[in-house]
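Dear colleague,

I am handing over the structure we spoke about, and I would be glad if you could look through it alongside the notes in this message.

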Amino acid sequence: MPSSRSPFATMRLLHLIDFMPVLRILAILLFILALVMAIPLIVLAIEQDPDVRAFATSEVITLSTVGLVLFWTRNAHMELRPRQMFLLTVLSWVVFAGFASLPMILGQPRLTVADAVFEAVSGVTSTGGTVLVGIEHLSVGIKLWRGLLQWMGGIGIIVMAIAILPFLKVGGMRLFHTESSEWSDQVAPRAGTAAKAIASIYIGSTLAAFITYRVLGMTWLDAIVHAMSSVSTGGFANYDDSFGVYQNHPAILWASMVFMLTSALPFVMYIRVLGRRSWQPLWRDQQVRGLFWLVTLTSLSLTLYRLHQGATAGFGRVLTETAFNVVSVITTTGYSSTDYTLWGALAVNVFFYLLFIGGCSGSTTGGIKIFRVQIGWLMLRNHLRHLVHANGVFVQRYNGRLLTDDIVRAVIAFSFFFSLTVAVMSILMSMMDVDLLTSISTSVSSLANVGPAVGGRVGPAGNYRDLPDMAKWLLSVAMIMGRLEILTVMVLLTPAFWRK
């Protein structure tokens, strides 16, 4: 006897059942968000700040949602399939940012929904672009909340890059999950052990940054917020001038460079360093060496260029200022100590291309990542060899490992979709009457999770406040896409993903 239920109704029911474990895990993530939200709530309550009401209301809304979802999904089967993992990975960042925006809508500075969501997305993706003006006048709670969002996002990024995206066959860490990778060296034989080690390293780095900043003269609030945004390579600062307020404190700038660079290195390599009690595994890594050579050569070249252009400060001051901003952009942190777009046409071009690069895979940074640039160069070199020696056989290796076809295809696919997404975003931005330079640079900066773009409107001396609301929504999407390595989001847009 034929079933009275239509095929479409059956398909919708199956999707609903499949969606249950995703909702339950999202509720657990929101519960963690609510726990962290209690920190600024307590601080504001102690200080009797009016913003305490905004955080208290946001806490109630979040916890109520968590309770309802957990009750509704109490019978959910919690074994996740790859399809559900894709959906969970994308929705976790969207939902997390949505609820994280509540305190900024309900309290000072009472942002619009578009502005608050943009700020929250920028925080949890550790991008660092902001719509806020007069940040130094905001409540302690909002400043602390912005730092906490980036700090949570930073550790979430590492876990996602190391544990989730390779499982979904997306992301740069696939290259380091091969048979000959560090994971097979019994450094951290179980995922739980690795997660604890990475969390310990991340927390330890944050504490070290906090103590260092405090010793060098920052207030306790500045020290903790800047420690969290430095280690997460997020870039949120407590001042409109970012690190410009510390431009006469070179020790703080150099300390910040150290923490930005160490956070731009692959965290799995720190596990090897601790396991072997030697720094050699870190320096032997090809992408680590590439990052340090890029930072060193770019900083020195721009320093000499500025001196040649007539910079009035001494070599040490110019080098400090130049190196700080170079490190900040390459690591996609987004701090600025000065408006580097005023350094001349060459500097503007250099910083524009630095927006693309990013740090190492398995770090808190965004961008294309150093290893993809290096693999692209290896592919180009081999292609040129084939043109000269058509019958030659050339083995491609990276870090001493054979580059398999699936890794090469993944690099090509990511690079293509990154460029295509920048082009599409730029065209959509220009349709909103945004000028060409701003359209392109904001698209690149958001997709690479850098923060400041190039140009007076959204450069290091400006922010995203004056952009149209639709542009902010679009760039919020770009930030999430960039943080999820683009392909994770693109999969959800394919019809095949939604077919049973």
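Below is what was found in it, beginning with the interior, then the pockets, and ending with one loop residue.

Please keep in mind throughout that this is a predicted model.

The largest nonpolar core holds 128 residues, and the members that touch the most other members are Leu33, Trp145, Tyr213, Phe243, Leu291 and Phe418. Helix α6, which covers residues 140–164, gives the most to this core, contributing 11 residues. Another core lies apart from this one and has 8 residues, including Leu378, Tyr398, Val408 and Val411.

Tyr213 is a good residue to select on your screen. Once residues up to four places away in sequence are left out, Tyr213 touches Met218, Ala223, His226, Ala227, Ser230, Phe243, Ile252, Ala255, Ser256 and Phe259. Among these partners, Ile252, Ala255, Ser256 and Phe259 are also listed as buried residues of helix α9, and the other buried residues of that helix are Leu253, Met257, Met260, Leu261 and Ser263. Helix α9 runs over residues 250–263, and its 14 residues reach 20 Å from the first C-alpha to the last, close to the 20 Å expected at 1.5 Å a residue. When you look along it, it may help to remember that an α-helix has 3.6 residues a turn, so residues three or four places apart point the same way.

Turning to the pockets, the largest contains about 500 Å³ of space. It is lined by 17 residues, of which Leu29, Ser92, Trp93, Phe96 and Gly156 are the closest to its centre. The elements that give two or more residues to this lining are α1 (7–47), α3 (82–100) and α6, with α6 supplying the largest share, 7 residues. By class, the lining of the largest pocket divides into 13 nonpolar residues, 4 polar and no charged.

The second largest pocket has a volume of about 400 Å³, and of the 29 residues lining it, those closest to the centre are Asp240, Ser242, Ser336, Pro460 and Gly462. Its lining has 11 nonpolar, 14 polar and 4 charged residues.

Finally, Val434 is found in the loop between α16 (405–430) and α17 (436–447). Is Val434 buried or exposed? Val434 counts as buried because its relative accessible area is 5%, and the cut-off for buried is under 20%. Leaving aside neighbours within four places in sequence, Val434 is in contact with Met429, Ser439, Arg457, Leu467 and Pro468.

With best wishes

Terms used:
Residues are numbered from 1 along each chain as its sequence is written. This is a predicted model: local features need pLDDT of at least 70, side-chain atom pairs count only at pLDDT 80 or more; totals for chains, interfaces and linings use all residues. Side-chain values use heavy atoms; hydrogens and water are left out. A nonpolar core is a set of buried Ala, Val, Leu, Ile, Met, Phe, Trp, Tyr and Cys residues joined through side-chain atoms within 4.5 Å. Buried means under 20% relative accessible area, exposed over 50%, partly exposed in between (1.4 Å probe, protein chains only). Helices (H or I, at least four residues) and strands (E, at least two) are DSSP runs, numbered from the N terminus. Contact means heavy atoms within 4.5 Å. The expected span of a helix is 1.5 Å times one less than its number of residues. On a 1 Å grid over the protein atoms alone, a cavity is a set of points where a 1.4 Å probe fits but cannot get out, and a pocket is an open set with protein on both sides within 12 Å along at least five of seven lines; lining residues have an atom within 4 Å of a point. Grid points are joined across faces, edges and corners, and a volume is the space filled by probe spheres set on the points. Ala, Val, Leu, Ile, Met, Phe, Trp, Tyr, Cys and Pro count as nonpolar, Asp, Glu, Lys and Arg as charged, and the others, Gly among them, as polar.
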